[in-house]
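Student: I'd like a close look at one part of this chain: the loops with odd backbone geometry, and what they lead into. Take your time and keep it connected.

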Amino acid sequence: MERINAVITGVGGYVPNYILDNEEMSRIVDTSDEWIMERIGVKTRHILKPEQGSGTSYLMTRAVKQLLEKTQVDPDSIEAVICATTTPDYHFPSTASLVIGNLGLKNAYGFDMEAACAGFLYALEQGASLITSGRHKRIILCGGDHMSSMTNYQDRNTCPIFGDGAACVLMEATTEELGLMDSYLRVDGTGYEHLHMAAGGSAQMPSHESVDQRLHFVYQEGRTVFKNAVTKMSDAVETIAKRNGLDKDNIAWVVPHQANIRIETAVARRIGLDESKVMINVDHMANTSGGTLPLCLWEYEPQLKKGDKLIFTAFGAGFSWGASYLIWGYDGAAEAAKSPAEFYKEGTISREEWNEKRGVH
Ligand SMILES: CC(C)(COP(=O)(O)OP(=O)(O)OC[C@H]1O[C@@H](n2cnc3c(N)ncnc32)[C@H](O)[C@@H]1OP(=O)(O)O)[C@@H](O)C(=O)NCCC(=O)NCCS
């Protein structure tokens, strides 16, 4: 019997249109464009304002809607929707159930996956398992976060880092040698004290005190997280590259979690990869947590070619991290060209502007 692989066959995305730049950030906390650019590499981030909408389902519904319009697949053929997010709309029901309901997907079930910034990486592996087992043929994987909902805008150590956004991929069965080939995923359980949101869960229920103490926001020890992110993402990329015979000459793209420009370039250096082969959007999207990997695919889609070898890598709370090797399934430029022109209308950056920014013509 031929081996079934799980291949990505389309990408959709959405970012809200409000842009919070470093100039505005420096009026909110004691910081500067210079400091943020030097230490983090973020110039602007998209923020979902309450008057526009709320919840991660708002972002993901728009991303999936665009994916369905672009790919023209029958919505009734979608069998499952997995949403990787740390900012679900509610503890329950799941964000996936809201997205499915908003879009009227009649034959799908869905669930959320919480693995912080590594969420989409894990979703790729879980989604591929559903496909390669032969149980499903067509599913959607979403990654995204409404990070501004848990960002403390009184804490200059964390607030410049995060932004809001979501993107998604269509994953389908194929017998071609394409799609997710290998994953190396880990959690070590040592990360709580360095990166967490203390209250609001079952360990520390919401209370007047927890609100007064601002415990419903991200707490992060930047330096420890930084060191672990660089080491663990680099190790994971090296491991996945070695065991699949990948090196700087045959890797088309590394798709790293967008936490800090210095982390991304350090990972590229470790495997001797030219920085032009590293997808980067942290400069104008910031860290969208579960959204960073699929948002990279969304923006770089026109440059992706069938057969390109990609390594994804991510690191997040837990600590959770890993790397995956995927062979890209279609010619992105052709797909982007035949997509309805207006599909970027809800974002602030047009396809043309993105292409210009990335040097794609
Ligand atoms: C957060 C991060 C940018 C901080 O950069 P850093 O170089 O480690 O800076 P430090 O935390 O050591 O702080 C250095 C100084 O800058 C100050 N500082 C912190 N944030 C600042 C800001 N926004 N503006 C100006 N100064 C700031 C600190 O108060 C500190 O001052 P001090 O020396 O007088 O105490 C960096 O550690 C980082 O990117 N960490 C990883 C973040 C991440 O990836 N998170 C998500 C994981 S999934």
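**From the loops to the sheet**

Tutor: Start with Phe319, which you'll find in the loop between strand S12 (309–316) and strand S13 (320–327). Bear in mind that this is a predicted model. What's odd about the peptide bond from Gly318 to Phe319? That bond is cis, with omega near -10°.

Carry on past S13 and you come to Asp331, in the loop that leads from S13 to helix H11 (332–338). Asp331 is partly exposed, because 13 or more but fewer than 20 neighbours puts a residue in that class, and Asp331 has 16 other C-beta atoms within 10 Å. Leaving aside residues up to four places away in sequence, Asp331 touches Lys305 and Lys306. Ser183 is another matter: it is 148 residues from Asp331 along the chain, and the two C-alpha atoms are separated by 23 Å.

Now for a couple of unusual phi values. Ser289 isn't a glycine, yet its phi is positive, near 55°. Its spot is the loop between helix H9 (282–285) and H10. Ser289 is buried, since 35 other C-beta atoms lie within 10 Å. Arg214 also has a positive phi without being a glycine, at about 55°, and it lies in the loop between helix H6 (208–212) and strand S10 (219–220). Is Arg214 buried or partly exposed? It is partly exposed, because 13 other C-beta atoms lie within 10 Å.

There's one more cis bond to look at, joining Phe92 and Pro93, with omega about 0°. Pro93 belongs to the loop between S4 and H4, so that loop is our way into the sheet, with S4, H4 and S5 forming a right-handed β-α-β unit.

The sheet itself is open and five-stranded, in the order S1-S7-S6-S4-S5, with mixed pairing. S1 and strand S5 (109–113) are the edge strands, each pairing on one side only. From one strand to the next, the twist averages 20°.

Stay with S4 for a moment. How covered is S4? Mostly: five of its five residues are buried. Ala80, Ile82 and Ala84 point one way from the strand, Val81 and Cys83 point the other way, and all of them are buried. That fits the usual pattern, as side chains in a regular strand alternate between the two faces of the sheet.

On one side, S4 runs parallel to S5, and five bridges join them; the bridge partner of Val81 in S5 is Gly110. S4 also pairs with S6, again in the parallel sense and over five bridges, and here Ala80 stands opposite Ile139 in S6. Move along to S6 and S7 and the strands run antiparallel, joined by nine bridges. Ile139 turns up again there, standing opposite Met171 in S7. So if you want a path across these strands, step from Ala80 to Ile139 and then from Ile139 to Met171.

Helices pack on this sheet too. Helix H4 (residues 95–103) lies across strand S4 (80–84), S5 and S6, and runs at about 130° to S4. Helix H10 (residues 292–300) touches S1, S6 and S7, and its direction makes about 75° with that of S7. This is the H10 that the loop holding Ser289 leads to from H9.

Finally, zoom out. The protein is divided into domain 1 (5–177) and domain 2 (180–356), with 12 Å between their centres, taken over C-alpha atoms. How many residues of domain 1 are in contact with domain 2? There are 55 from domain 1, in contact with 50 residues of domain 2. Among the elements giving two or more residues to that side of domain 1 are strand S1 (5–14), helix H3 (56–71), strand S6 (138–146) and strand S7 (164–174). S1 gives the most, with eight residues. As for make-up, the residues on that side of domain 1 divide into 27 nonpolar, 19 polar and nine charged. So the edge strand S1 is also the top contributor to the side of domain 1 that touches domain 2.

Terms used:
Residues numbered from 1 in each chain as written. Predicted model: local features only at pLDDT ≥ 70, side-chain atom pairs only at ≥ 80, totals over all residues. Domains from an automatic or database assignment. Contact = placed C-beta atoms within 7 Å. Helix = DSSP H or I, 4+ residues; strand = E, 2+ residues; numbered from the N terminus. Nonpolar A, V, L, I, M, F, W, Y, C, P; charged D, E, K, R; others polar. Pairing = 2+ DSSP bridges. Axes fitted to C-alpha atoms, helices over the stretch in contact; angles between N-to-C directions. Buried ≥ 20, exposed ≤ 12 C-beta atoms within 10 Å, placed from the backbone. Right-handed = clockwise from strand over helix to strand, strands pointing away.
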